[in-house]
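Take a first walk through this protein with the sequence and the model side by side.

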Amino acid sequence: MEISSKENTQFFSNNTILPVDRSSFKSESSASKEKQSCCGGIKIFLGALSFVYFAKALSGSYLKSTITQIERRFDIPSSLVGVIDGSFEIGNLLIIILVSYFGAKLHRPRIIGAGCLIMSAGTFLIAMPQFFMGRYRYERFPSTINSTVSISPCLQDKSQTPLSALEKSQAKINAGCEKEAGSSMWIYVLLGNLLRGIGETPIQPLGITYIDDYAIEENAALYIGCVQTVAIIGPIFGFLLGSLCAKLYVDIGFVDLDSVTITHKDVQWVGAWWLGYLIAGVISVLAGIPFWFLPKHLPKPESRKDSSTSSEQSKFITEDNKDQHKSYQQQVKIAEMAKDFLPSLKNLFGNPVYILYLCASIIQFNSLIGMVTYKPKYIEQQYGQTSSKTNFVIGLINIPAVAFGIFSGGLIMKKFRISVLGAAKLSLGSSFFGYLLLLSLFAMGCENSDVAGLTVSYHGTKQMTDYEQALFSECNSGCACSKNDWDPICGENGVTYISACLAGCQASNGSGKNTVFFNCSCVGTLQSPSQSSSAVVGPCQKGNECPKMFLYFLVISVITSYTLSVGGTPGYILLLRCIKPHLKSFALGIYTLAIRVLAGIPAPVYFGVAIDTTCLKWGSKRCGGRGACRLYDASALRYVYLGLTLVLGTVSIFFSVAVLWVLRKRSSPHDETLSANGERGTCGTKSRKDNFVNSDRLIQTTYWPEKETRL
């Protein structure tokens with residue numbers, strides 16, 4: 001238990017004055033017990049809240065890791081996946097204001113516990129489509145399926161295919177169409193994510209303010225930093241879990257894995273995406289249990305009972321409405337609380353620092369959310385990595401850098417006792433240098449894979465324009481091929497062909513993953529006009545320079561993640577210290593609401609729409625229509641993905657500069673004199689300026705009576 005020097009002085013002083021008075025000893029004993037109870041209670045709550053942050057971060061990051069799996073499983077474009085990802089924020093939007101405003105006056109721990117149960121129910125719902133929809137089917141030519149029937153890939157005449165095989169294939173297609181026409185199972189994923197967002201709503205505004213109300217004020221920044229650090233550990237396990245599940249086939253336990261003819265390196269591969277949601281749901285249930293046994297209120301620390309004002313916080317809080325400083329009674333009716341809603345909202349939006357910081361955060365979170373959501377897809381398409389390896393790298397290398405950055409920000413705030421103005425500088429500096437590093441990633445991309453008819457012609461020339469017509473050439477003119485198929489093979493010449501038919505292959509040997517195609521006329525075109533060559537199942541790997549570029553990308557990405565994360569905790573402190581204490585929960589709720597509505601919901605959608613514009617080859621649904629994208633233009637994807645991220649980040653930096661300018665403008669050179677005289681500056685009036693430049697503490701050990709409202 002930490003006891004300040006001031007508290008020790010008071011303790012020994014009381015002993016000296018009344019050395020033989022038993023009432024004094026009794027008072028000291030009760031005070032000591034109160035301190036222990038306070039310290040123990042807040043640490044128990046801190047541990048429980050950290051576990052909840054871990055649980056919600058794990059399920060959220062696992063959703064990010066399964067973006068490509070969901071896209072392929074339900075055969076939907078990136079823009080629709082963005083809508084599914086944004087449904088989490090919609091769930092927050094539905095009740096965030098009510099929870100943050102009224103929840104502060106109710107039993108906050110139990111509200112958080114109820115939220116955990118709702119969050120777990122939503123997580124379980126996301127996994128349910130796996131148990132109600134049919135088995136996953138992927139595009140494969142009949143010759144690659146385990147069968148005794150020998151079929152030529154280049155079907156010059158359908159009579160080459162036995163009638164029974166064609167009938168069975170057509171029957172399966174018709175059956176699939178009937179099932180797909182009656183259901184869109186991705187809706188259950190959307191609804192589950194929406195329900196998960198509703199359950200997560202009370203955790204941040206009520207949990208953070210509970211710590212700030214009952215912790216020793218000089219430790220508040222460190223505690224918040226610890227909670228956020230543990231929250232970042234959740235994504236580590238989330239992405240590692242995603243990496244493990246991505247290696248397992250989607251229908252594991254339901255089908256014979258020996259009959260699966262694709263590997264996890266294939267773009268049609270879908271991992272066991274549903275398995276991780278079952279695990280995350282169980283963890284969410286366990287995380288909510290402790291909150292049902294925590295008290296509504298904790299004893300106030302002694303250091304916060306002796307004074308009624310915070311010397312630094314009071315310097316930038318308007319004191320024009322004296323009625324708002326009345327203490328709340330133990331029993332307050334809901335109607336009476338509702339009367340203060342509009343005045344409280346007006347007070348928040350009248351604070352220029354709060355508004356400018358809110359705008360900066362909205363733009364920055366647009367950048368960060370869009371970048372994080374599609375980062376696995378970007379790595380897969382840009383550097384030719386598998387989903388499993390991509391999730392493993394993000395979870396084991398990138399996320400720890402974010403955790404260390406957030407913890408470093410809280411530690412810097414505590415060690416150097418940085419003021420609110422210093423917090424604004426630190427937050428701005430981390431954003432500026434982070435986006436500057438991100439700029440270098442433009443030079444660390446890979447060229448497009450050589451895909452005949454898409455990125456190169458069948459004669460080896462680059463820059464294809466009419467992709468639909470370019471898929472057909474003289475070398476495959478005698479074959480009855482479909483341009484909608486996606487069953488890639490890799491020729492001996494290092495070029496990928498969309499299907500064995502379009503490669504002009506006349507024969508095949510083997511089955512399943514070991515199928516080898518022979519006499520491929522299009523493969524021989526690039527080698528010798530009179531020579532035919534062979535090809536194997538699956539696309540060709542990217543060039544030799546791509547692995548090196550991927551390594552450079554990882555290094556810069558880790559440094560960038562750390563740099564951007566350092567400003568996380570200072571930003572929270574800036575937000576908390578520039579508003580009235582009794583409005584902290586409400587202000588955090590409005591802040592969270594704005595982030596959800598203006599960043600969390602639209603960012604994945606328009607990032608997804610922009611990414612879809614770079615698609616070179618769309619898959620086809622079983623019953624017709626456009627499915628998921630099979631191949632992207634690597635260069636266009638790099639410019640769209642990184643360009644959007646950097647443009648939004650640059651705009652947010654301008655708002656951060658405005659925040660710093662307002663804080664500097666409201667500072668006064670007479671800060672020390674005013675602080676010594678006990679005067680308080682104002683942040684919302686023009687008659688007096690706020691004074692906090694020379695403040696040597698982040699949070700003074702003082703207490704405002706109206707800081708805690710009770711029901």
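The paragraphs below go from the whole chain to its cores, its sheet, its disulfides and its salt bridges.

Keep in mind that this is a predicted model. The protein has 711 residues, and 56% of them count as buried. Its secondary structure comes to 25 helices and 7 strands. The surface it exposes is about 29700 Å². Carbon and sulfur atoms supply 61% of that area. Now consider the contacts in the protein with a separation of 6 or more: residues 24 or more positions apart account for 80% of them.

Go inside next. In soluble globular proteins, nonpolar side chains tend to be buried together. Here the largest nonpolar core has 101 residues. Tyr354 and Tyr383 are the residues with the most contacts inside that core. What does Tyr354 touch, leaving aside residues up to four places away in sequence? Its contacts are Leu348, Leu575, Ile579, Ala587, Ile590 and Tyr591. A second core of 29 residues is separate. It includes Leu80, Ile126, Leu190 and Trp269.

Trp269 also leads to a polar residue. Gln69 lies in helix α3, which covers residues 67–73. Gln69 is buried, with a relative accessible area of 2%. Not counting residues up to four places away in sequence, Gln69 touches Trp269, along with Ala246, Val270, Gly271, Trp273 and Ser387.

Turn to the strands. Strands of a sheet pair through backbone hydrogen bonds, either parallel or antiparallel. In this model, 5 strands form an open sheet, and the pairing is antiparallel. The order across the sheet is β2-β1-β5-β4-β3. Which strands stand at the edges? They are β2 (496–497) and β3 (505–509). Each has a single partner strand, so one side of each is left without a neighbour in the sheet. Further in, β4 (residues 516–520) and β5 (residues 533–537) run antiparallel, joined by 3 bridges. Val516 has Val536 in β5 as its bridge partner.

The sheet also carries a covalent link. Cys505 and Cys520 form a disulfide, with their sulfur atoms 2.0 Å apart. The torsion is 100 degrees about the S-S bond, and the link is right-handed. Cys505 lies in strand β3 and Cys520 in strand β4, so the pair ties together parts that are 15 residues apart in sequence. Both cysteines, Cys505 and Cys520, are buried.

How many disulfides are there? The count comes to 5. Another one joins Cys446 to Cys546, at 2.0 Å from S to S. The torsion about their S-S bond is about 105 degrees, so this disulfide is right-handed. The pair links distant parts of the chain, 100 residues apart. Cys446 sits in the loop between α17 (420–438) and α18 (467–470), while Cys546 is in helix α20 (residues 545–565). Cys446 and Cys546 are both buried.

A further disulfide pairs Cys615 with Cys629, their sulfur atoms 2.0 Å apart. The torsion about the S-S bond of Cys615 and Cys629 is about 105 degrees, so the disulfide is right-handed. Cys615 is in strand β6 (residues 615–620) and Cys629 in strand β7 (residues 626–632), 14 residues apart. Cys615 counts as buried at 13% relative accessibility. Cys629 is buried too, with a relative accessible area of 9%.

Charged side chains make links as well. The count comes to 5 salt bridges. Helix α3, already met through Gln69, takes part in the next two. Glu71 forms a salt bridge with Lys377, the closest N and O atoms being 3.0 Å apart. Glu71 lies in helix α3 and Lys377 in helix α15 (residues 375–383), so the pair ties together parts that are 306 residues apart in sequence. Are these two residues buried or exposed? Glu71 is buried, with a relative accessible area of 2%. Lys377 is buried, with a relative accessible area of 4%.

Arg72 and Glu380 also meet in a salt bridge, 3.3 Å from N to O. Arg72 is in helix α3 and Glu380 in helix α15, 308 residues apart. Arg72 and Glu380 are both buried.

Elsewhere, Glu200 forms a salt bridge with Lys56, with the closest N and O atoms 3.2 Å apart. Glu200 is in helix α8 (residues 186–200) and Lys56 in helix α2 (residues 22–65), 144 residues apart. Glu200 counts as buried at 3% relative accessibility. Lys56 counts as buried at 17%, under the 20% cut-off.

Methods:
Residues are numbered from 1 along each chain as its sequence is written. This is a predicted model: local features need pLDDT of at least 70, side-chain atom pairs count only at pLDDT 80 or more; totals for chains, interfaces and linings use all residues. Side-chain values use heavy atoms; hydrogens and water are left out. A nonpolar core is a set of buried Ala, Val, Leu, Ile, Met, Phe, Trp, Tyr and Cys residues joined through side-chain atoms within 4.5 Å. Buried means under 20% relative accessible area, exposed over 50%, partly exposed in between (1.4 Å probe, protein chains only). Contact means heavy atoms within 4.5 Å. Two strands pair if DSSP finds at least two bridges between them. Helices (H or I, at least four residues) and strands (E, at least two) are DSSP runs, numbered from the N terminus. Accessible areas come from the Shrake-Rupley method with a 1.4 Å probe; for residues, only the protein chains shown count as cover. A disulfide is a pair of cysteine sulfur atoms within 2.5 Å. A salt bridge is a side-chain nitrogen of Lys or Arg within 4 Å of a carboxyl oxygen of Asp or Glu.
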